[in-house]
Amino acid sequence: MTHSPLPDPPGADLGTVRDWVREAVQLSRPIAVLTGAGMSAESGVPTFRDALTGLWAHFRPEELATETAFRARPQQVWDWYASRRAAVAGVEPNAGHRALATFQAREPGRLTLITQNVDGLHQAAGSPGVLALHGNLAEDRWLDSPRACCDASVAAGTLTDACPPACPACGNLRRPAVVWFGEFLPEQALRDAETAARTCALMLVVGTSGAVYPAAGLAFTAHQAGARVVVVNPEPSELDPVADVVLRGTAATLLPALLSP
Ligand code: APR
């Protein structure tokens with residue numbers, strides 16, 4: 001009769017990943033971290049889909065978060081983003097965001113932080129050089145290529161106070177600086193993220209379902225390039241199969257445990 005091996009004691013995987021973090025630091029090897037909506041769950045940020053409640057309950061994200069929708073119904077889409085901005089305005093970074101920022105301050109240049117989140121919480125926690133692949137909810141940009149009159153109107157503070165605000169001279173609209181369905185990701189941020197994925201020794205994949213590309217592909221890139229990949233997620237995700245270790249827990253509990261000295 002054969003005996004099945006004893007299961008690892010709880011915390012064994014956590015200890016292993018902590019050792020990998022320390023090893024990367026000691027050997028001066030790069031670490032990459034890819035975060036998604038679960039990273040901000042413990043800050044109370046409603047996910048994209050959770051935000052479609054109340055007045056917005058009968059919409060699908062694809063009906064609001066596209067250029068076509070914005071051009072057809074600019075005020076409605078603007079108002080939805082205004083409600084998301086209001087929901088995010090009052091939230092604070094959690095212990096997971098802070099653990100990442102503290103690690104980056106202690107080990108400058110060691111960790112590249114890549115996020116799909118638009119809530120700005122990594123930046124608010126003090127993380128430098130965040131690669132915000134899906135843009136930033138707090139920022140606006142022009143819908144169409146700005147003409148001279150657009151830049152002049154912003155500089156003079158004379159945007160119309162409509163929703164969305166517009167250039168008073170040519171009518172060009174301001175739009176949220178987030179990546180909508182069907183749009184390209186910011187080129188430089190994506191290139192930097194791909195480089196980080198290709199060259200890291202260790203990638204932590206935190207709080208993402210791994211369903212949205214190209215962001216999710218970064219975990220495959222890291223794995224194929226020989227990095228150790230660790231998933232931090234209380235639920236199964238589509239990136240579990242590429243992970244060397246899956247840690248079933250939350251960002252705010254596990255990141256401080258993994259990244260503290
Ligand atoms: N800690 C870690 N992970 C968590 C936590 C937590 N406290 N709570 C939930 N999760 C996990 C969920 O189990 C899920 O796997 O976070 C993941 C969130 O998945 P999604 O909501 O699909 O978010 P994300 O992967 O960031 O989505 C990618 O899709 O909606 C678009 O553009 C939007 O950037 C977003 C992209």
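Which residue forms a salt bridge with E187, and how far apart are the closest N and O atoms? The partner is R191, with the closest N and O atoms 3.8 Å apart. The legends below describe this pair and other close-up views of a predicted model.

**Figure 1. The salt bridge between E187 and R191 lies within helix α8.** The two residues are four positions apart in the helix, about one turn. An α-helix has 3.6 residues a turn, so residues three or four places apart point the same way. E187 counts as exposed, at 61% relative accessibility, whereas R191 counts as partly exposed, at 43%.

**Figure 2. R60 and E63 are joined through their side chains in a salt bridge.** The N to O distance of this pair is 3.9 Å. R60 is exposed, with a relative accessibility of 51%, because residues over 50% are classed in this way. E63 is partly exposed, its relative accessible area being 29%.

**Figure 3. D240 and R248 form a salt bridge with a buried acidic partner.** The closest N and O atoms of R248 and D240 are 2.7 Å apart. D240 has a relative accessibility of 15% and therefore counts as buried, the limit for that class being under 20%. R248, at 44% relative accessibility, counts as partly exposed.

**Figure 4. Salt bridges link E67, R71 and D144 in a network.** Side chains of opposite charge can pair when their charged atoms come close. Under the rule applied here, the count of salt bridges comes to eight.

**Figure 5. The ligand is surrounded by 17 residues.** The closest of these residues are A37, E42, T208, S209 and N233. By class, the shell around the ligand comprises nine polar, six nonpolar and two charged residues.

**Figure 6. Polar atoms of Q116, H134 and A251 approach the ligand.** Both backbone and side-chain atoms of the protein appear in this view. From H134, a polar side-chain atom lies 2.8 Å from an oxygen atom of the ligand. From Q116, a polar backbone atom is 3.1 Å from a ligand oxygen atom. A polar backbone atom of A251 is 3.0 Å from a nitrogen atom of the ligand. The ligand taken alone exposes 730 Å², of which the protein buries 78%.

**Figure 7. Helix α9 spans residues 217-224 and contains buried residues.** G217, L218, A219 and A222 are buried in this helix. The buried residues of α9 pack against the strands β1 (31-35), β2 (111-115), β6 (202-206) and β7 (228-232). They also pack against helix α8 (187-199). Helix α9 is followed by G226, which has a positive phi near 100°.

**Figure 8. G182 occupies the loop between β5 and α8.** Strand β5 covers residues 174-178. G182 counts as exposed, with a relative accessibility of 84%. Between the C-alpha atoms of G182 and L133 the separation is 14 Å. These two residues are 49 residues apart along the chain.

How values were computed:
Residues are numbered from 1 along each chain as its sequence is written. This is a predicted model: local features need pLDDT of at least 70, side-chain atom pairs count only at pLDDT 80 or more; totals for chains, interfaces and linings use all residues. Side-chain values use heavy atoms; hydrogens and water are left out. Buried means under 20% relative accessible area, exposed over 50%, partly exposed in between (1.4 Å probe, protein chains only). Contact means heavy atoms within 4.5 Å. A residue is near a molecule or strand if one of its heavy atoms lies within 4 Å of it. A polar contact is a pair of N or O atoms within 3.5 Å; within protein, one must be able to donate a hydrogen and the other to accept it, and residues adjacent in sequence count only if both atoms are side-chain atoms. Accessible areas come from the Shrake-Rupley method with a 1.4 Å probe; for residues, only the protein chains shown count as cover. Ala, Val, Leu, Ile, Met, Phe, Trp, Tyr, Cys and Pro count as nonpolar, Asp, Glu, Lys and Arg as charged, and the others, Gly among them, as polar. A salt bridge is a side-chain nitrogen of Lys or Arg within 4 Å of a carboxyl oxygen of Asp or Glu.
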